[in-house]
Amino acid sequence: AFVAALVLVALNYDLVNLSSARYDVMTAALSYAGIACYLALRERSLNRAVLVSNTLLAAACMTHPYALFGMVGLATFAIVLDWREIRLRHVALAAAPYVVALAAWGAYIAKDPAMFRAQFAANASGRLQARLGPLGLIGAEFRERYLGRFAGWRPGAPPLMRVKVLLLVAYAAGLVGCFALPRIRANRAARALALYTALSVPLLMVVDAHRWYVYFIYVLPQLALCLALVPNEVSRIGTW
């Protein structure tokens, strides 16, 4: 499963292509690094795991607000895996990096508050989609982001690109399989990953009304990881 996940992520053209655009790659890298550090350190020292992971996520927040995806992921893993061990000191350790980061950001904003308000308002404008109803929002998201931008079902896209619709089917099967297969569902870490993925997809739908291609980097890795778990488990069940 680990090798499959590594191949699915590292050889994914969409993820590799995104590394040439904007700073979202840094945000995603810091976010996933924060989650990875938490998972790697939590059994040896939960205090260290909380501090290191949230320090990386605070850095991600200073890069782009969509570090929100990493924060949701970290919270999901922490709640599913360690909710019985979490104490008030862990909450304080988690908050400390954000306090430092926000204080530094505040000092930077204080140099020209009017310019900050103008820039932030312009960048935030139109991101939240509230005018469509739930069904309309889901339909537009699937049609424009996944079919249109990802799978190439749009005017001007190369016809061969439409083969990528099979990837969408595979990603969906991977996510459903993680919830449907008992052995995966019984594994707390796998269950947390599936839940994180299930939260990331609608979260992207809500926070990005522009449906920009570059924001796939906040959901494709989770979908690829879920997909890697399913054939690994299915192979244990048998050939059919």
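These legends walk through close-up views of a predicted model. Local features are taken where pLDDT is at least 70 and side-chain atom pairs only at pLDDT 80 or more, while totals for chains, interfaces and linings use all residues. Residues are numbered from 1 along each chain as its sequence is written, and side-chain values use heavy atoms, with hydrogens and water left out.

**Figure 1. The whole chain, built from helices.** Welcome to the overview: the chain has twelve helices and zero strands. Both kinds of element are DSSP runs numbered from the N terminus (helices: H or I, at least four residues; strands: E, at least two). Along the sequence the pattern reads α-α-α-α-α-α-α-α-α-α-α-α. The radius of gyration is 19 Å, close to the 18 Å that the globule rule gives for 240 residues, so the chain is as compact as a globular protein of that length. Here the radius is taken over C-alpha atoms, and the globule rule is 2.2 Å times the number of residues to the power 0.38. Along the principal axes, the C-alpha atoms fill a box of roughly 60 × 50 × 35 Å. Of the 240 residues, 39% count as buried; buried means under 20% relative accessible area, exposed means over 50%, and partly exposed lies in between (1.4 Å probe, protein chains only).

**Figure 2. A stacked aromatic pair, Phe-69 and Tyr-218.** A pair of aromatic rings is described by the distance of the centres and the angle of the planes. Rings of Phe, Tyr and Trp (its six-membered ring) pair if their centres lie within 6.5 Å; planes under 30 degrees apart are stacked, over 60 edge-to-face, and the rest tilted. This rule gives 14 aromatic pairs. In the one shown, Phe-69 and Tyr-218 are stacked, with 5.2 Å centre to centre and 15 degrees between the planes. The pair links distant parts of the chain, 149 residues apart: Phe-69 belongs to helix H5 (residues 68–82), and Tyr-218 to the loop between helix H11 (188–207) and helix H12 (220–237). Both Phe-69 and Tyr-218 are buried. Widen the view and both take their places in one aromatic cluster with Tyr-66, Trp-212 and Tyr-215.

**Figure 3. A tilted aromatic pair, Trp-105 and Phe-120.** Here Trp-105 and Phe-120 have ring centres 6.4 Å apart and planes at 55 degrees, which makes the pair tilted. Trp-105 comes from helix H6 (residues 88–109) and Phe-120 from helix H7 (residues 113–124), with their positions 15 residues apart in the numbering. Trp-105 counts as partly exposed because its relative accessibility is 30%. Phe-120 is partly exposed too, at 40% relative accessible area.

**Figure 4. Charges over rings.** A charge sits over a ring if NZ of Lys or CZ of Arg is within 6 Å of the ring centre and within 35 degrees of the ring normal. The charged end of Arg-22 is placed over the ring of Tyr-23, 5.3 Å from its centre. In the other example, Lys-164 lies over the face of Phe-150, 4.3 Å from the ring centre.

**Figure 5. Arg-42 and its two acidic partners, Glu-43 and Asp-82.** Side chains of opposite charge can pair when their charged atoms come close. A salt bridge has a side-chain nitrogen of Lys or Arg within 4 Å of a carboxyl oxygen of Asp or Glu, and the count comes to ten. Arg-42 meets Glu-43 at 3.5 Å, N to O. Glu-43 is exposed because its relative accessible area is 71%, and Arg-42 is buried because its value is 16%. Arg-42 also forms a salt bridge with Asp-82, with the closest N and O atoms 2.8 Å apart. That second pair links distant parts of the chain, 40 residues apart: Arg-42 lies in the loop between helix H3 (24–41) and helix H4 (46–63), and Asp-82 in helix H5. Both Arg-42 and Asp-82 are buried.

**Figure 6. A salt-bridge network around Glu-141 and Arg-145.** The side chains of Glu-141 and Arg-145 meet at 2.5 Å, N to O. About one helical turn separates Glu-141 and Arg-145, because they are four residues apart in helix H8 (residues 134–150). Glu-141 is buried at 3% relative accessible area, and Arg-145 is buried at 0%. Salt bridges with shared partners join Glu-141, Glu-144, Arg-145, Asp-208 and Arg-211 into one network. Arg-211 sits in the loop between H11 and H12 and has a positive phi of about 55 degrees although it is not a glycine.
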